[in-house]
Structures are given as structure tokens and as C-alpha cells.
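Visitor: Hello! I am new to this structure and would like to learn how to read it. Could you walk me through it step by step?

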Amino acid sequence: MAAKADRRTPLVVVGDALLDRDLTGSADRLAPDAPVPVVSECAERIRPGGAALAAYLAARDGREVTLIAGVGDDPAGLALRELLAPWLTLIPLPLTGTVPEKTRVLAQDRPVVRLDRGGGRVRGATDEARDTLRSARAVLVSDYGRGAADTLRDVLAARPPLVWDPHPRGGPPVPGTRLVTPAEKEAHAFAPDRAHRGGGLRAAALDAAALVRDWRAAAVAVTLGPRGALLSYGEHPLLVPAPAAHRGDSCGAGDRFAATAAGLLADGALVGEAVEGAVSAATAFVAAGGAAAVPPAGSERALAALPDTDDPGALATRIRAEHGTVVAAGGCFDLLHAGHVGLLQAARRLGDCLVVCVNSDASVRRRKGGGRPVNPLADRVRVLRALACVDAVAVFDEGTPERLLGELRPDVWVKGGDYAGAELPEAALLQEWGGQAVLLPYLDGRSSTALLARAAETPR
């Protein structure tokens, strides 16, 4: 093996293997006989695809990996075997037809066309594959709808996998799967009730909750591309934002996400921790260039410059008129620290403006006691306004921001905190206008209370 296990839990990947091929060149003219680009001086690169890519990435992480997939002795199958041999153990399933090949033609690193051939499907299971699954400590199903998961469904149902990465052409995950990882469009297609049309976090949250129930899965993480992932256990979702936005090659990012999540769960991580790690790994994968296309033109709407005003109501009205997304976040923000800044930066990436709702001094005293706030309202507002991620600040005097939210009517309401057992009292209010409340994870070890305690202990 080219990589050592390093005490990581071995992983069995079950799914449909593909052979991916990139032909990359340059294009500076159109063909004389048709309005199509002429791509010249193409360099060819092949790599594992589908379940084979997920298994390969897990093996490159330093994990012992076994791949159960349909791989024949056709040229594509032989090439795939050669690519995988130094890294993992392959248990081939009998295949009808040849290994599917997906060939992308790229000009200036942008896809021009994709060519598919080889419609091979798994035609049955083997005793070796069944025995390997029964004894596996951790299983990832990477289902690309070509029969591998279906032929082994009975064994998988007896010992549900840690992660199931579904495909629209494949079957549903087996009940009891710990984490299912559909992409946003896949989740909407899978959802049993798609009466809620449109997109955005609201639709993704409804889809995820419906799929938790319909699939009887412990959790569903809907991957949102550069926005991160939305994790649902059937109730209020936890949004795990991407640490940064990149316009790199996103092909294969879903496989990177699933392989990372499965590995972390196998090593004992909680589901939320595994999703956070998977989002970070997928983001780094895209930033490094990966192997996929830049998002299609028009997928990210460019709004006009924000108005030069700190009137939260006017700002929200302006953004809605331009069909943008209004995001709001709330809190005391007494001693602004890195946890606050990280939360607000992540919140701003969810939409086209961020309004921060701040407790008044009286409201903070009622919540925190007579010694708070340390910083008066004017100072807190001034510091928040200085942050590049904050577009406006609104103040409320009540114990909760519900009245203010009713005036602003944001599309997304962000709360920070530990997901487990968290309550979102504003969630029902946002449903009145189709908004969505989400939780963002805190930055560990940062809090105003902790800062005050450390300051009090410091010798003068």
C-alpha cells in the first residue's frame, strides 16, 4: 500500500466505479463548418470516478480502504484497476457491459462538452463482497445508480452504513443509515413532498427534514456547494458554512465530502463534527483545483452596490426588490471576539446583505445581570458597523427580537450555538413569511463571559 493506515478505522466503500477522463487544451477560434470552438493541443488525464474516486480519496487520507464495485476486464476497467491498485483493495462485482467512462473536453480549464460511454451495470453480488460487508467496521455507500448498492441491499440493511451518498438513478438508502449526503438538487428531487417550490435554505431545510422521515435516516446533510452544508435530524437545521468561497473545479467535491464524513464517523466523531470536517475538506478540494467545472454563468446573482445607508428597513426593502436574500443575526455583542466575527462573516455569505439585531443596554441587563453590558450600546453599534460583513445594525429593547424581525422580515435568521438541544423560538415566526431560521456553530472557547472571567483573574 502507498499509504499507511495510521491507526485510522478501515473503511469499506460500496458503489459504482467510473473512469473519468479530461482532455484539456486551448480554444481561440470556431470551426469553419459549425459554430463550435476548436480545442487544440489537448493533454489527456484519467482518474478514478464515482465510488472509485471516493475510495481513492479516503485511501489517500491514509486509511485502509476496500472498494466493492463493478469493474470488468474491458479497457476502461483495466485502466481503473491500474489506477487503484497501489492504494486500496478492490473486490470486483460482475458487470454487464463495460465500465462507464465520462470524458470532459476543457478549454482554458473550462468544460466545453462531456462525452459518456459504457453503460455497464452490476448484475449480481459475490460471496466475497457479502462477507466483506458483514465484517466491515465502517461502510460508505457511493450509489451512482448502476446496481452495486441494489445487489447488496439485503446485507446493507442488516448492518446500515455510516454514510450513503445517493444518486437520482439509484435507490433510497437503507433505513438506519447514520448520515445521507444528497446535493441540494438531489434532495429536492428525492423529497416526498415537493409542494414548496423555489430554492434557497428554506426549501433545502424542508427537503432535509422530509428525507430524514421518509428514509428513516439518523441525519441528512444537504450539500450546498460554496455555501457549505445543511444538517438536519428532522427539526431545526444546522448550517455548516464553507470556510471560504472558491470558484475552482467542483467536480468530485461530493465524493470528497462523503469520504471525509465517513472516515470521521468511523473514527468516532459526532455527526455534526463529521459534517464540519467534510465541508472543510470539500472546500479545500475545490480550492486546490479538483477536477470540475466553474459554476455555470448566472448561478450567482450579482446585485447592485448596497445603498450608503444604515437604515435596516430601507436596506431590506431594497434587497428584496432586487430579488436578493436578506440575512439577519442577533445578540448582545458586548465584548466582540473572534467567535462573533466568524459567525457574522459566515452569516453574510448566506445572502446579499446582513442586518445585525442588537439588544439595548436595558435588554442586556435583564438578560445578563446588573454588571452588563460592559460596553454601552453606542460603542457596541459602532464596532459592529465597522465590520465589512455587516451592512446595517438594528436595536431592540425587548427580551427577544421578534418585533424587529416582524418589521425586517428576513429570508434567513442566524443563531449561534451548539446544535444539540438548541431551541429556536423565532423559527415559527419566520415561517409566516417563508423565512428560515438556521444555527451556525460557535468558534470553540470564545465567549464574552469567558473573556470577562479571564480579565478578572489577570493581576493588575
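Visitor: Of the 460 residues of the protein, what percentage count as buried?
Guide: In this predicted model, 50% of the 460 residues count as buried. The secondary structure comes to 16 helices and 20 strands. Contacts tell us about the fold as well: among those with a separation of 6 or more, 66% join residues 24 or more positions apart.

Visitor: How far should I trust the prediction, and what is the average pLDDT?
Guide: Start with the general idea: where pLDDT is low, the predicted coordinates should not be read in detail. Here the protein averages a pLDDT of 85, and 86% of the residues score at least 70.

Visitor: Which elements have the lowest and the highest mean pLDDT?
Guide: Helix α16, residues 448-457, has the lowest mean, 55, while strand β12, residues 179-180, has the highest, 98. Two stretches call for care. Residues 1-6 have a pLDDT below 50, with 14 contacts in the model beyond near neighbours in sequence. Residues 291-309 are also below 50 in pLDDT, and this stretch has 44 such contacts.

Visitor: Now the interior. Which residues of the largest nonpolar core touch the most other members?
Guide: The general idea is that in soluble globular proteins, nonpolar side chains tend to be buried together. In this model the largest nonpolar core has 124 residues, and L179, V275, L344 and V414 touch the most other members. Take L179 as your example: leaving aside residues up to four places away in sequence, L179 touches partners including L162, W164, A219, L231, L265 and V275. There is also a second, separate core of five residues, among them L53, L57, A253 and F285.

Visitor: How many aromatic pairs are there?
Guide: The count comes to two aromatic pairs. In the pair of Y56 and W87, the rings are edge-to-face, 5.8 Å centre to centre with 80° between the planes. Y56 belongs to helix α1 (residues 51-60) and W87 to the loop between α2 (75-84) and β5 (89-93), so this pair ties together parts 31 residues apart in sequence. Both Y56 and W87 are buried.

Visitor: And where do F190 and W215 lie?
Guide: F190 and W215 form an edge-to-face pair too, with 5.3 Å between centres and 65° between planes. F190 is in helix α6 (residues 184-190) and W215 in helix α7 (residues 200-215), so the pair ties together parts that are 25 residues apart in sequence. F190 counts as buried because its relative accessibility, 18%, is under the 20% cut-off. W215 is buried as well, at 6%.

Visitor: What about polar side chains: is N359 buried or exposed?
Guide: N359 is buried, with a relative accessible area of 1%. You can find N359 in strand β17 (residues 353-359). Its side chain makes a polar contact with the side chain of S363 at 2.9 Å. Beyond residues up to four places away in sequence, N359 touches several residues, including C332, R367, R380, F396 and E398.

Visitor: Which backbone atom does the side chain of T151 reach?
Guide: The side chain of T151 reaches the backbone oxygen of A148, at 2.9 Å. T151 is in helix α4 (residues 148-151). Its contacts outside the residues up to four places away are L93, V122, G124, A125 and R130.

Visitor: How do I read backbone angles, and what is phi of H323 near?
Guide: As a general guide, most residues other than glycine have a negative phi, and most peptide bonds are trans. H323 has a positive phi, near 60°. H323 sits in the loop between α10 (312-321) and β16 (326-331), and is exposed at 64% relative accessible area. F333 likewise has a positive phi, about 50°, although it is not a glycine. F333 lies in the loop between β16 and α11 (338-348), and is buried at 5%.

Visitor: Lastly, which feature does UniProt place at residues 334-347?
Guide: The UniProt record, an unreviewed entry, gives "domain: RNA polymerase sigma-70" there. In the model, residues 334-347 are 71% helix and 0% strand, and the end C-alpha atoms are 19 Å apart.

How values were computed
Residues are numbered from 1 along each chain as its sequence is written. Side-chain values use heavy atoms; hydrogens and water are left out. Rings of Phe, Tyr and Trp (its six-membered ring) pair if their centres lie within 6.5 Å; planes under 30 degrees apart count as stacked, over 60 as edge-to-face and the rest as tilted. Helices (H or I, at least four residues) and strands (E, at least two) are DSSP runs, numbered from the N terminus. Buried means under 20% relative accessible area, exposed over 50%, partly exposed in between (1.4 Å probe, protein chains only). A polar contact is a pair of N or O atoms within 3.5 Å; within protein, one must be able to donate a hydrogen and the other to accept it, and residues adjacent in sequence count only if both atoms are side-chain atoms. Contact means heavy atoms within 4.5 Å. A nonpolar core is a set of buried Ala, Val, Leu, Ile, Met, Phe, Trp, Tyr and Cys residues joined through side-chain atoms within 4.5 Å. UniProt positions are given in the numbering used here, feature names are shortened, and annotations may be inferred rather than shown by experiment. pLDDT is the predictor's confidence in each residue, from 0 to 100.
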